[in-house]
Amino acid sequence: MSIRTLSPETPAQALEILSLQEKYLPVAGGTNVLVDLRKGKITPIGFVDLSRFEAWKTIQLKGQVLEIGSLVTHSQLEAHPLIKTYCPALSMGASAVGSPQIRNRGTLGGNLQSASPAADCAPPLLAHDAFLTLLSAADSSGTLKERQVDLTDFFLGVGKTDLRPNELIQKVSININPKRKSIFLKSGLRKALAISLVNLAVSIELDENTAECLKARVAFGSIAPTPVRIRKVEEFLEGRMLDERVIEEASNIVQNEIAPISDLRASEEYRRYLAQVLLQEALRTIKSSKEAGKWLRKQFD
Amino acid sequence: MATKTVRLTVNGSPAVVQIEEHQTLLYLLREVLGLIGTKEGCGEGDCGACSVLLDGELVNSCLVLALQADGKEILTIEGVGTEDHLHPVQQAFIEVGAIQCGYCTPGMVLAAKALLDKIPDPCEEEIRRGLSGNLCRCTGYQKIVDAVKMAAQTSK
């Protein structure tokens, strides 16, 4: 095996290489790519190492938009005050990925690009209406080509995304709404290094006075070929009070909207059951919690 | 064979190595520098036997390209304590009996050190979470957790 590894200093150089060399693959944290290489799932002739793009490792608030660089690690997401404040479900989702070692290396861009149905960062970002900025090599004028894609349109199937081989995810953006509370819940076979049997993120904007649900987002992982929003449930919740009857009904609606499979980790029936109880738990927690990031440690109970 | 030069600091000493471009940091440490305290278990990031600190962060060296370690500081088990002055974590592992076959121990010690560097006085849950990327097939983990607790006490 002889695989080249190129270490460009700038994104522009990396995009140039990817536009010219089809069998070069980008690598950042390496926690997916090097495993796939070892298992023979990928056969690149070269890697383009992205790990030196410092500007893509930052989390910042620009006006009302929270911008998360694609090379931000799960450990950064877990701990960062801006994520905890404006997108708490993402902090929780990132903290549920792999192990400390994996979280220290694995990046948000990699988690999304690998398009696992069980990716723990995907439901939180779907629940916050995230959109991606994708870059490709410069045209004749010298400026990098840029396009934006809603995360809902990004996932196309297991391991398949809208990302073209000559593109890189530059950043993930969220329009912040301080009134929006969010939560992430996961059921895995163990507390660490466990692929989600079902994972769920819910974000809700409640009317402060009446506790009526003004806006709802419900996004599941591991119950379809891609992480998905369940719009029927969102529509049902909006305009209603989060009482027990509504919570019960919402978790019944979910059953008609999902199509989980049976595999070696869980049966279809068990996944359906998990989807129901996770949604109930998420809605009850959001209803009873005053602060958005308050239940951050809940999943480790 | 496509090779490149990697310049890095390992256990405080500068090292310059020539290495194939697709090779991992684990390969660099074991096969090029002969630092065989770092173990290969699964090679896929599940077991943590290859754990080292990269610029102070706990990583699986089997999942880091050697070229990505260029310019970085690496700490392996060979750089933790000396035979005369063991690191408190190492001393505690011996005293508590947290070692059986020993294969996971270098990774466990590095994971424990990384944890205590960040959280000097961790609760049991934090210890278990800090060690959650390291598998041990012998001990059942309890004595390892006890050892980290002891190390936290003696380091005070």
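This is a short talk on a two-chain model, its domains and its contacts.

One caution before we start. The model is predicted.

Let's take chain A as a whole. There are 12 helices and 14 strands in it. How compact is chain A? Its radius of gyration is 19 Å, close to the 19 Å that the globule rule gives for 301 residues, so chain A is as compact as a globular protein of that length. Along the principal axes, the C-alpha atoms fill a box of roughly 60 × 45 × 30 Å. Of the 301 residues in chain A, 48% are buried. Now the contacts within chain A. Take those with a separation of 6 or more: 64% of them come from residues 24 or more positions apart.

Next, the domains of chain A. The assignment gives two entries. Domain 1 is written in pieces, 4-32 + 41-46 + 59-175. Domain 2 covers 180-300. Their centres, taken over C-alpha atoms, are separated by 24 Å.

How many residues of each domain are in contact with the other? On the domain 1 side, 27 residues; on the domain 2 side, also 27. Which elements give two or more residues to the domain 1 side? They are α4 (81-86), α5 (88-95), α8 (122-127) and β8 (155-157) of chain A. By class, that side has 16 nonpolar, 8 polar and 3 charged residues.

Keep α5 of chain A in mind. We meet it again at the sheet.

The sheet is open and has 4 strands. Read the order as β11-β12-β13-β14 of chain A, with antiparallel pairing. Which strands stand at the edges? β11 (180-187) and β14 (228-229) of chain A do. Each has a single partner strand, so one side of each is left without a neighbour in the sheet.

Look at the β14 end. Strand β13 of chain A, residues 213-221, is joined to β14(A) by 2 bridges, and the two run antiparallel. For a landmark, find A:Ala219. It stands opposite A:Arg229 in β14(A).

Now the helices on these strands. α5(A) lies across β11 and β12 (198-206) of chain A. It runs at about 20° to β11(A). Then there is α12 of chain A, residues 268-288. That helix lies across β11, β12 and β13 of chain A. Its angle to β12(A) is about 30°.

On to chain B. Here the assignment gives domain 1 as 3-78 and domain 2 as 88-154. The C-alpha centres of these two domains lie 22 Å apart. 13 residues of domain 1 of chain B are in contact with 12 residues of domain 2 of chain B. What gives the most to the domain 1 side? Strand β3 of chain B, residues 51-54, does, with 3 residues. The classes on that side are 7 nonpolar, 5 polar and 1 charged.

Last, the interface between the chains. 26 residues of chain B are in contact with 24 residues of chain A. On the chain B side, β4 (57-60) and α4 (124-130) of chain B each supply at least two residues. The largest share, 4 residues, comes from β4(B). How does the chain B side divide by class? There are 9 nonpolar, 11 polar and 6 charged residues.

A note on units for this group. The size of an interface is often given as the accessible area lost when the parts come together. Today I gave residue counts, such as the 26 of chain B and the 24 of chain A.

Definitions and conventions: Residues are numbered from 1 along each chain as its sequence is written. Chains are lettered from A and ligands numbered from 1 in the order in which they are written. This is a predicted model: local features need pLDDT of at least 70, side-chain atom pairs count only at pLDDT 80 or more; totals for chains, interfaces and linings use all residues. Two residues are in contact if their C-beta atoms, placed from the backbone, lie within 7 Å. Ala, Val, Leu, Ile, Met, Phe, Trp, Tyr, Cys and Pro count as nonpolar, Asp, Glu, Lys and Arg as charged, and the others, Gly among them, as polar. Domain bounds come from an automatic or database domain assignment. The radius of gyration is taken over C-alpha atoms; the globule rule is 2.2 Å times the number of residues to the power 0.38. A residue is buried if 20 or more other C-beta atoms lie within 10 Å of its own, exposed if 12 or fewer, and partly exposed in between; C-beta atoms are placed from the backbone. Two strands pair if DSSP finds at least two bridges between them. Axes are lines fitted to C-alpha atoms, for helices over the stretch in contact, and angles run from 0 to 180 degrees between N-to-C directions.
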